[in-house]
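Trainee: I keep running into labels such as buried, paired and core. Could we go through what earns each of them here?

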Amino acid sequence: MARRALPQRGPRPFTDRRAHSLKTRRKRLPWPADRPFRILSLDGGGIRGLYAATILARVEQDLLGGGRIADHVDMIAGTSTGGIIAIGLGLGKPATLIHRLYAVDGESVFPPFWNQHPKLRFWRQLVMPLFNAKKLEELLFRTFGTATLGQSITRLVVPAFLGPKTDIAVFKTDHHPDFKKDHLMTAWEAARATSAAPTYFSGHKGDDYVFLDGGVWCNNPIMAAVVDVLSAYQVERDQIEILSIGTGNPPYQISRFATRGGLFQWREIILGAMYLTTDNAQAQATLLLGPEQILRLEPTGAGAAIDLADWTAACTQLQPQAQQAFEANRDRLAAFFAAPIEARHRFYTEAPVGTHERATSKAGSAGVDG
């Protein structure tokens with residue numbers, strides 16, 4: 001019997017951003033004044049990432065003639081489930097493969113049993129994570145292998161939450177000389193780190209650190225991407241174009257019970273706060289860039305309220321909604337993905353063999369990852 005390949009860890013990830021933060025403004029790299037900077041931004045939301053995966057698979061099939069998403073965007077930002085999709089696309093994986101991870105393999109990661117037995121689920125989540133993270137890790141490693149973030153074709157921005165010091169973490173490719181460390185991290189570990197949703201999966205642990213889901217503070221990574229672009233490149237706001245795909249963010253109403261402020265009541269308030277982070281990031285980006293620069297697609301109605309672990313409901317409701325969203329926005333999507341991008345900047349890595357990328361400068365070494 002063949003021995004199952006187990007996930008292999010890469011180098012220890014960089015874990016102390018406060019101590020190594022820049023003391024001066026980041027030096028901005030040149031960017032052509034006549035060239036837009038296109039960002040694909042993908043929200044967190046568990047199995048509801050199937051919505052984004054379905055849309056992007058249609059883009060590749062119908063608009064790109066089977067070409068790769070990563071060859072048509074300057075940056076992909078993704079949190080949690082959006083981070084998994086972002087990393088996969090960055091590594092040149094076809095969106096149809098990413099779609100399969102959700103539509104087929106998602107059942108093994110999010111077994112329907114717990115949604116069919118809500119009382120058992122409640123008691124289990126009180127004392128331990130609902131799901132076995134090993135299933136997710138094996139799927140990620142089987143998909144990404146030993147590839148690193150630095151092998152991404154396009155720029156990546158992937159938020160996570162770092163403990164025990166309670167730090168933010170934003171995994172990035174080496175598209176600026178300040179970003180020296182993250183490119184060494186294995187892709188499967190970065191994907192696991194950003195998607196370690198509290199109460200659903202255990203954290204991604206090392207000897208003296210643990211990563212938790214980036215959705216805790218940045219479920220919608222649109223502003224993380226915008227800040228990265230404006231701080232790293234000489235790009236004007238009018239040059240930035242964004243396709244932002246959500247997973248559903250219906251208005252969250254806090255009950256009178258929650259306003260009493262006890263331990264259990266605060267859980268409800270925290271869920272409301274996570275809703276606000278998604279809504280606020282989108283509002284800030286829209287205010288900064290203008291609504292005409294951003295196309296926002298996300299599930300509506302019952303599809304927006306699907307539990308992030310409900311694989312059955314996601315397959316039944318979100319795929320049709322995604323198909324409708326693609327058809328309704330076909331022209332804008334075609335315009336967004338119309339032109340191939342230039343090769344991304346690389347300062348500490350080589351372009352993967354077999355890609356169209358040109359060798360770019362490795363000069364410059366000021367600062368650290370930020």
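**Strands, core and a helix**

Mentor: Sure, and keep in mind that the model is predicted. Start with strand E2 (residues 75–78): Met75 and Ala77 point one way, Ile76 and Gly78 the other way, and all are buried.

Trainee: What makes those residues of E2 "buried"?

Mentor: The label needs under 20% relative accessible area. Met75, Ile76, Ala77 and Gly78 carry that label, so each falls under that cut-off. Across the protein chain, buried residues make up 53% of the 370 residues.

Trainee: How do you know that E1 and E2 pair?

Mentor: Pairing takes at least two bridges. Strand E1 (residues 37–42) and E2 have four, in the parallel sense, so they qualify. One pair to look at is Ile39 with its bridge partner in E2, Met75. From E1 the chain crosses through H1 to E2, a right-handed β-α-β crossover.

Trainee: And what makes E2 and E3 a pair?

Mentor: E2 and strand E3 (residues 155–163) share three bridges, again parallel. Three meets the requirement of at least two, so the pair counts. There, Ala77 stands opposite Val157 in E3.

Trainee: Why is the set of 71 residues called a nonpolar core?

Mentor: Its members are buried residues of nonpolar types, joined through side-chain atoms within 4.5 Å, and that is why the name applies. Leu40, Leu56, Ile87, Phe171 and Phe337 have the most contacts inside this largest core. Another core, of 25 residues, lies apart from it, with Ile39, Met223, Leu289 and Ile294 among its members.

Trainee: What is Leu40 in contact with?

Mentor: Leaving aside neighbours within four places in sequence, the list includes Leu56, Ile69, Val73, Leu243 and Phe336. Met75, Ile76 and Ala77 of E2 are on the list too.

Trainee: Over to helix H3. What makes the link between His99 and Thr54 a "polar contact"?

Mentor: Two side chains meet there at 3.5 Å. The definition asks for N or O atoms within 3.5 Å, one able to donate a hydrogen and the other to accept it, so this pair gets the name. His99 also touches Leu50, Ala53, Ala57 and Gln319.

Trainee: Which residues of H3 are buried, and what covers them?

Mentor: In H3 (residues 95–103), Ala95, Ile98, His99, Leu101, Tyr102 and Ala103 are buried. Their cover includes helix H1 (50–63), helix H2 (81–90), helix H4 (106–109), helix H7 (133–144) and helix H12 (311–328).

Key:
Residues numbered from 1 in each chain as written. Predicted model: local features only at pLDDT ≥ 70, side-chain atom pairs only at ≥ 80, totals over all residues. Heavy atoms only, no water. Buried < 20%, exposed > 50% of the residue type's maximum accessible area, 1.4 Å probe, protein only. Contact = heavy atoms within 4.5 Å. Right-handed = clockwise from strand over helix to strand, strands pointing away.
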